[in-house]
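Dear colleague,

I am passing on to you the structure that we talked about, together with its sequence. Please open it next to this message, so that you can look up each place as you read.

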Amino acid sequence: MLTLYHLPYAEGYGANARKIAILLNELELNWKGEAVPRDTVRTSPEYVLLHPDRKVPVLKDGETIVIESAAILQYLAEVYGSGKYLESKYDTLAWVSLQNGLSSAVASLFHAEDESQKTKAINNARHYLGLLDDKLASSKSGYILDSGYSIADIAWIAFVDERRKERLRLESWEQFPNIAKWQKKVLTRPAVAKAYEE
Ligand SMILES: N[C@@H](CCC(=O)N[C@@H](CS)C(=O)NCC(=O)O)C(=O)O
């Protein structure tokens, strides 16, 4: 049984934990979620032993603890998927890594203290969305990598949602037409839909 530590639903399940829930569902693994209150994540002396930067997600697999969403996605794809969803390995990992740019921009937006910092963060986030949109424009599979659906799609889809659309002051995802088309395709996958219900 695998355990995914995440923030409680009421505090926002969290895009990073959702990435892992999607992949656990895609791989049809036997797993359970364990909600950790934000206070515990931030202050408990035990939690810092799990994750030195006091973040979720954390995956527990028997005695093995894996932290950081990118590492967890790779771990699951390699250990339980025999490389499934990690076909063009280094290109896939590059796009998982590029997604961090969007995560950082969204985090700076959250912490922005004035309008100028907000604008800077929004422009930075849009820059990363632009990279994704351009990449999708030339995709042969309709997913990020020409080789097909991968953990890169999973990393990005978790951040392409209503909440972030509003924060980034986008009227619609159609402002990035290739992202909008890709979003519809990815959201129809049962494993993805299920991770939004959990
Ligand atoms: N680089 C980390 C980022 C994880 C992260 O930012 N998690 C947020 C929730 S999505 C968190 O743990 N926040 C704890 C807090 O707000 O104290 C990853 O990719 O896993």
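Below I describe what was found in it, beginning with the two domains and ending with single residues.

Please keep in mind throughout that this is a predicted model. The chain is divided into two parts, domain 1 covering residues 2-84 and domain 2 covering residues 89-189, and the C-alpha centres of these two domains lie 21 Å apart.

**Where the domains meet**

On the side of domain 1, eleven residues are in contact with domain 2, which for its part contributes 13 residues. The size of an interface is often given as the accessible area lost when the parts come together. For domain 1 and domain 2 this buried area is about 1,100 Å², and carbon and sulfur atoms give 66% of it. In domain 1, the residues that lose the most area to domain 2 are Ala15, Lys19 and Glu26, which together account for 40% of what that side buries.

Two salt bridges are found across the interface of domain 1 and domain 2, and the search for polar contacts across the same interface gives four residue pairs. If you look at the elements involved, helix H1 (15-26) and helix H4 (69-79) each supply at least two residues of the side of domain 1 that touches domain 2, and H1 gives the most, with six residues. Sorted by class, that side of domain 1 has six nonpolar, two polar and three charged residues.

**Salt bridges, one by one**

In the whole structure, a search finds eight salt bridges, and a few of them are worth finding on your screen. Glu26, which was named above among the residues of domain 1 that lose the most area to domain 2, forms a salt bridge with Arg189, and the closest N and O atoms of this pair are 2.9 Å apart.

A salt bridge also joins the side chains of Glu78 and Lys89, with 2.9 Å from N to O. Because Glu78 lies in helix H4 and Lys89 in helix H5, this pair ties together parts that are eleven residues apart in sequence. Glu78 counts as partly exposed, at 36% relative accessibility, and Lys89 also counts as partly exposed, at 26%.

Further along the chain, Asp161 forms a salt bridge with Arg164, the closest N and O atoms being 2.7 Å apart, and both of these residues are buried. The side chains of Glu162 and Lys165 meet in a salt bridge as well, at 3.1 Å from N to O. Glu162 and Lys165 are three residues apart in helix H8, so about one helical turn separates them. Glu162 counts as partly exposed, with 46% relative accessibility, whereas Lys165 counts as buried, with 13%.

Helix H8 (residues 162-167) is also the place of Glu166. Is Glu166 buried or exposed? Its relative accessible area is 56%, and because the cut-off for exposed is over 50%, Glu166 is exposed. The C-alpha atoms of Glu166 and Ala195 are separated by 21 Å, the two residues being 29 residues apart along the chain.

**Details of the backbone**

Two residues that are not glycine have a positive phi, and there is also a cis peptide bond to look at. The cis bond is the one from Val56 to Pro57, with omega near 5°, and Pro57 lies in the loop between helix H3 (47-50) and strand E3 (58-61). Arg54 is found in the loop between H3 and E3 too, where its phi is near 55°, and at 22% relative accessibility this residue counts as partly exposed. Tyr85, with a phi of about 70°, lies in the loop between H4 and helix H5 (89-111), and Tyr85 is buried, with a relative accessible area of 6%.

**One residue in a strand**

Finally, please turn to Thr3, which is in strand E1 (residues 2-6). Which residues does Thr3 touch, not counting residues up to four places away in sequence? They are Lys32, Glu34, Val58, Leu59 and Lys60. The relative accessible area of Thr3 is 8%, and since buried means under 20%, Thr3 is buried.

With best wishes

Definitions and conventions. Residues numbered from 1 in each chain as written. Predicted model: local features only at pLDDT ≥ 70, side-chain atom pairs only at ≥ 80, totals over all residues. Heavy atoms only, no water. Domains from an automatic or database assignment. Contact = heavy atoms within 4.5 Å. Buried area = accessible area lost by both parts, 1.4 Å probe. Salt bridge = Lys/Arg side-chain N within 4 Å of Asp/Glu carboxyl O. Polar contact = N/O pair within 3.5 Å; in protein donor to acceptor, adjacent residues only side chain to side chain. Helix = DSSP H or I, 4+ residues; strand = E, 2+ residues; numbered from the N terminus. Nonpolar A, V, L, I, M, F, W, Y, C, P; charged D, E, K, R; others polar. Buried < 20%, exposed > 50% of the residue type's maximum accessible area, 1.4 Å probe, protein only.
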